[in-house]
Each structure stands twice: as C-alpha cells, then as structure tokens.
Amino acid sequence: MRAAVLHETGQEKLEVLDDVEAVGFGPGKVRLRIRATGLCHSDVSAMSGVLPQPAPFIPGHEGAGEVVDVGDGVTGLSAGDRVLVCWLPACGECPSCKRGQTHLCLAGFMNAGTPNFKRPGGDVFGFAGTGTFTEEVVVGAGCAVPIPDDVPFEIAALIGCGVTTGLGAAINTAQVEAGSSVAVIGCGGVGISTIQGARVRGAARIVAVDPVASRREAALRFGATEAVAPGELADAKQRITGGEGFDYVFEVVGKSATARTAYETTRRGGTLCVVGAGAMDDTFQVNMFELFFDEKRILPSMYGGGDVLRSYERAIALWRAGRIDLESMITHRVRLDGINDALDQMRTGEALRTCIEL
C-alpha cells in the first residue's frame, strides 16, 4: 500500500512508499479506502514538532473515502458506505461528553500514541490517530462518519477539519452577532472558513489580515469586506472602529505574537477567539490590570467548539443552500506523488487548500 511517511520530526519532506500496511483491524474498528484528503496546516505543524506527534508517522487527518470492512460490534456502518474521517471522535462516556462538550473528549488523542501502520522496518503512527496520506487506514468506528451521496469526497474532506474549525469558531464559540465588526488574522483554509462563518452570522464588517496578497484577494471573494496586510491592521482599526477596536478578532495563526496583536485589536468588552494551534512553549501574556480593566473575553476554540457531528451536518446544509462556498477553497489538486509540492505551496501561502486525490 502507498503512503507518505515522515521518518523523523523536523524533516520538511515526506517519502512516498509502497511497503506500508494498515494494521489494527478488529472489533470496533473499520478499514477505510481514502479517496481524497486535504492538506491542513496542522499536518505541517506536526511535521515540524510544533504539535506533538510520535514519529515515524503518516500525516493527514482531513480525509474522506469508503468503508472497506467493518469489525465485530460495529453498527451503523457497512462496506461501501461513503464517510468522512473524524480525527476527534467522541467516546460518549467521559465527563466532557456527558456535559455536551464532545469536542473536548480525549479519546481521540489517546489513539495518536498507538501505531496504526507498519513497514518492514517497524511501526508507523498515523497523525492524530488517523493518517490520511495513504490509500487505506484502520480507525475506530467513531472516526468514520457517513456522508450523503451528493457530497463529493473532496468537500467532505474539508468538512472533516478546516471548515468545521473555522465555521465553528464564528458560530459556536464566538457567536458573532449580526451587524458587528470582525477581524480575522490568518487567511488560510481555516481563516477563510472563519470569514464565511462570520458572514453567515451577519457581521457587517469583516477585515481579513494576511501577509500574502493572493490570500487577501481570496478573502474578499469569500466574504471579507476588506483585506489588509498585517502592517495595515492598525490603520484599519482606526478607520473602521474609530480606534476602539473590533467586536470580534479571530487569531488563526497559532502564535503568541499574533494573539497579542489580536488582543490589542479587540475593543474593550469584545471577544478575542483563538483558533490557531500553537506550540506548548509559546506563551501568550496579558497583565492582570488589562485583563480586569478591559474585560475582553478570551475564547479558545477547539475544533470549532461544538458537537462535531452537528457541525458537519450544518456545514453540509449551508453548502447545499449556497450560503458557504467550499469548492473554491480547493485551489490545488495533486496525486500522492505530488505531496511535497503541496507542502511547499502551503508554506509559501500559495494554496488555500490542496486536495490530494488517491
């Protein structure tokens, strides 16, 4: 079986190999044939070591495909079913699940430490317990979510992570109010989805902030009312809000420096929503006086901050209704052999989302 493997954390290139085997199939598990997978920035962060992930591993967590086989005890899934990959399945039994905060369930994270592939040289892990840069993968049944027949695999793959994360940040976590002002710092796939979520919620002004001109241009097509480079954000804040700050600011980069900028760009009493996944040793700081005096809400948003199955359904409904544009988010398509070109395009900001077709 072919798969793209990272041998050591810190390497920038993946090696496409044909001697990989998906393992672990048995009770409660399903075997999937991956048909399409998106390249998400979290994959790059795991490769560089920003996000913890044992190596060697197969990146990819934003995928969709077909069920090949189901293990004993699996209900609701059959061979041939079309599914998207949920990298953060809810166990339904832990305190977070019982509180209705299924996106905080840790069961999926536990899977990241169990190899689900092997090669002649030894075990290989799948990123976030999945690993979709491969032809087949074995995952827990909760990771395979059925999709309607009218949803293409490449659209389902996007919904599996980036779209759900961005839409949910605006809709679930921040609960953007109609008529409000919004700034989104970082306009890759997740940032563009955040912009679309703010538009769906009725924001009056949406300012996209990104250093890459092509991404700023794309943000305007997806609903931003203005797009500026980072150095122009202070001027936009002055022009649009009279210097007060935006009602909502979304940090979609995952760095303390941009989170600090986002905090300073948020009005007193406004909301800073942290969407980007950052490193454990990168510390965001606020002093105790400003924390008390400014009364700004600081809201982290994990995977869109809501029940992911409901979020998937909502994204599909909005897409069907033409309220969000998912097809145009896919700016590049490659086969698995082109994965390293896709990585370069993401790192430079050339690509919003690349679809890897298998």
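This tour moves from the nonpolar interior to a surface patch and then to two backbone details.

The model is predicted, so local features need pLDDT of at least 70 and side-chain atom pairs count only at pLDDT 80 or more, while totals for chains, interfaces and linings use all residues. Residues are numbered from 1 along each chain as its sequence is written, and side-chain values use heavy atoms, without hydrogens or water.

Select Leu32, Phe133, Ile159, Val182, Ile195 and Phe250, which have the most contacts inside the largest nonpolar core, a set of 98 residues; such a core joins buried (under 20% relative accessible area, 1.4 Å probe, protein chains only) Ala, Val, Leu, Ile, Met, Phe, Trp, Tyr and Cys residues through side-chain atoms within 4.5 Å. Apart from this core lies another, of 13 residues, including Ile185 and Leu233.

Centre next on Ile195, whose contacts (heavy atoms within 4.5 Å), leaving aside neighbours within four places in sequence, include Val184, Ile206 and Phe222.

Now select Leu104, Leu106, Phe109, Met110 and Met302, a nonpolar surface patch with about 470 Å² of accessible area together. Accessible areas come from the Shrake-Rupley method with a 1.4 Å probe, and for residues only the protein chains shown count as cover. Patch members have over 30% relative accessible area and no salt bridge (a side-chain nitrogen of Lys or Arg within 4 Å of a carboxyl oxygen of Asp or Glu), and nonpolar side chains (Val, Leu, Ile, Met, Phe, Trp, Tyr) are joined within 5 Å, like charges within 9 Å.

Finally, go to the peptide bond from Ala55 to Pro56, which is cis, with omega near 0°, and then to Ala128, which has a positive phi of about 55° although it is not a glycine.

Terms used
Buried means under 20% relative accessible area, exposed over 50%, partly exposed in between (1.4 Å probe, protein chains only).
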